[in-house]
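Work through the following exercises with the sequence and the coordinates open. Each task is followed by a stepwise solution.

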Amino acid sequence: VTNFGAGWHTDQSFLPRPAMATCLYALEVPESGGDTLFACMRDGYRSLSEGMRRTLAMLRTLNLSVAAQMSRRGQSSGTTFAAMRTQKAPIDEAAAEHPLVCRHPESGDPALYLGIHTQQFAGWTEAESRPLIDYLLAHLTRPENTCRVRWQTGTVAIWDNRSVLHNALNDYPGQRRRMHRITVAG
């Protein structure tokens with residue numbers, strides 16, 4: 001069983017205007033497990049070499065929802081991933097293009113902007129893109145760039161999708177994790 005929100009991502013990065021922020025409120029949590037990991041895209045960018053930052057500066061990413069990715073591979077998205085789609089996003093949706101290195105609109109800080117929705121770089125093939133995407137995700141999610149929220153009933157977490165990746169852990173087999181989510185438009 002796959003849980004909602006698994007895999008390192010920012011909410012709605014597969015849309016032309018992704019979500020600015022997300023708020024989760026824990027209604028029901030498993031006895032153990034079900035934590036959410038967060039990774040700072042700004043610190044991940046800052047810890048890259050100057051040469052790598054120069055190389056990445058002009059790249060743009062192409063991003064698809066999980067359901068569209070599965071549809072293109074001829075797989076059924078099922079109800080778990082279908083629930084992650086926005087109401088207006090068709091299965092044959094176009095990829096949303098975003099700069100790989102974004103500047104935060106308030107702070108001006110540069111950050112890497114990619115996740116599980118990132119399929120490839122604009123002008124590159126998927127095969128050419130995948131090794132660099134995988135490297136960057138591994139770099140962003142190193143322990144020194146991450147933190148962990150251990151949910152309790154009533155816990156509230158709010159984060160900025162423009163500077164933080166998140167990943168809901170699926171380590172609570174046979175138990176329930178139920179949240180209310182509010183996503184703030186970008």
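**Exercise 1.** In this predicted model, find which residues Leu 114 is in contact with, leaving aside neighbours within four places in sequence.

Solution.
- Step 1. With those neighbours excluded, the contacts of Leu 114 are Met 41, Leu 100, Ile 133, Leu 136, Leu 137, Leu 140 and Leu 165.
- Step 2. Place Leu 114 in its wider setting: the largest nonpolar core has 23 residues, and Leu 114 is one of those that touch the most other members, together with Leu 56, Leu 100, Leu 112, Leu 136 and Leu 165.
- Step 3. Two or more residues of this core come from each of strand E2 (36–40), helix H1 (41–46), strand E5 (101–103), strand E6 (110–112) and helix H5 (126–140).
- Step 4. The top contributor is H5, with 5 residues.
- Step 5. A separate core of 9 residues lies apart from this one; Ala 26, Val 149, Trp 159 and Val 164 are among its members.

**Exercise 2.** Determine whether Ile 158 is buried or exposed, and which surface patch includes this residue.

Solution.
- Step 1. Ile 158 sits in strand E9, residues 156–160.
- Step 2. The relative accessibility of Ile 158 is 66%; the cut-off for exposed is over 50%, so Ile 158 counts as exposed.
- Step 3. Ile 158 joins Tyr 25 and Val 156 in a nonpolar surface patch, whose accessible area is about 300 Å² together.

**Exercise 3.** State how many salt bridges the whole structure holds, then examine the one between Arg 178 and Glu 28.

Solution.
- Step 1. The search returns 14 salt bridges.
- Step 2. In the pair Arg 178 and Glu 28, the N to O distance is 3.5 Å.
- Step 3. Because Arg 178 belongs to strand E11 (residues 178–184) and Glu 28 to strand E1 (residues 21–28), the pair ties together parts 150 residues apart in sequence.
- Step 4. Arg 178 is partly exposed at 38% relative accessible area, and Glu 28 is partly exposed at 28%.

**Exercise 4.** Examine the salt bridges Arg 60 to Glu 97 and Arg 162 to Glu 106.

Solution.
- Step 1. Arg 60 and Glu 97 meet at 2.7 Å, N to O.
- Step 2. Arg 60 is in strand E3 (residues 60–63) and Glu 97 in strand E4 (residues 96–99), 37 residues apart.
- Step 3. Arg 162 and Glu 106 meet at 3.0 Å, N to O.
- Step 4. Arg 162 is in the loop between E9 and strand E10 (164–168), and Glu 106 in the loop between E5 and E6, so this pair ties together parts 56 residues apart in sequence.
- Step 5. Arg 162 is partly exposed at 22%, whereas Glu 106 is exposed at 59%.

Technical notes
Residues numbered from 1 in each chain as written. Predicted model: local features only at pLDDT ≥ 70, side-chain atom pairs only at ≥ 80, totals over all residues. Heavy atoms only, no water. Core = buried A, V, L, I, M, F, W, Y, C linked by side-chain atoms within 4.5 Å. Buried < 20%, exposed > 50% of the residue type's maximum accessible area, 1.4 Å probe, protein only. Helix = DSSP H or I, 4+ residues; strand = E, 2+ residues; numbered from the N terminus. Contact = heavy atoms within 4.5 Å. Patch = residues over 30% accessible without salt bridge, like charges linked within 9 Å, V, L, I, M, F, W, Y side chains within 5 Å. Areas by Shrake-Rupley, 256 points an atom, 1.4 Å probe, with all protein chains shown as cover. Salt bridge = Lys/Arg side-chain N within 4 Å of Asp/Glu carboxyl O.
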